[in-house]
Amino acid sequence: MYLSVQLSYYPLGNDVKPLVKDVVKRLEATGLEVYPNRMSTQIFGEFDAVMEALSEVMKWSFETYGKAVFTANFLEGDRRPRD
């Protein structure tokens with residue numbers, strides 16, 4: 001099953017831009033299709049791979065940077081941007 005996710009990450013504290021960039025880099029390193037933009041990051045892939053990547057990146061974020069808020073919207077199916 002293919003999964004489309006819209007993820008937003010809000011670290012609690014000051015100077016959050018580098019932290020957000022690190023989380024996006026971690027997501028990109030998973031091999032999934034990742035499309036960051038100004039308000040959220042879109043992630044696409046097989047359900048199990050996406051969920052595993054989200055779990056690992058979120059855990060890493062909490063252990064590395066502390067408290068943060070993640071918000072996500074999940075949609076079954078392929079909603080990748082088309083040219």
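User: How many Å does H2 reach from its first C-alpha to its last?

Analyst: In this predicted model, local features need pLDDT of at least 70, side-chain atom pairs count only at pLDDT 80 or more, and totals for chains, interfaces and linings use all residues. Residues are numbered from 1 along each chain as its sequence is written, and side-chain values use heavy atoms, leaving out hydrogens and water. Helix H2 (a DSSP run of H or I, at least four residues, numbered from the N terminus) has 19 residues, with 27 Å expected at 1.5 Å a residue (1.5 Å times one less than the number of residues). Close to that expectation, H2 reaches 26 Å.

User: Which residues of H2 are buried, and on which side do they lie?

Analyst: Buried means under 20% relative accessible area and exposed over 50%, with partly exposed in between (1.4 Å probe, protein chains only). The buried residues of H2 are Val50, Ala53, Leu54, Val57, Trp60 and Ser61. They cover an arc (of the directions from the helix axis to the C-beta atoms) of only 140 degrees, so they lie on the same side of H2.

User: Which residues are exposed on the other side of H2?

Analyst: The buried residues of H2 pack against E1, H1, E3 and E4. On the other side, the exposed residues are Asp48, Lys59 and Glu63.

User: Which residues does Ser61 touch, not counting those up to four places away in sequence?

Analyst: Ser61 is found in H2 (residues 47–65) and counts as buried because its relative accessibility is 0%. With contact meaning heavy atoms within 4.5 Å, Ser61 touches Tyr9, Val23, Gly66 and Phe70.

Technical notes: Helix = DSSP H or I, 4+ residues; strand = E, 2+ residues; numbered from the N terminus.
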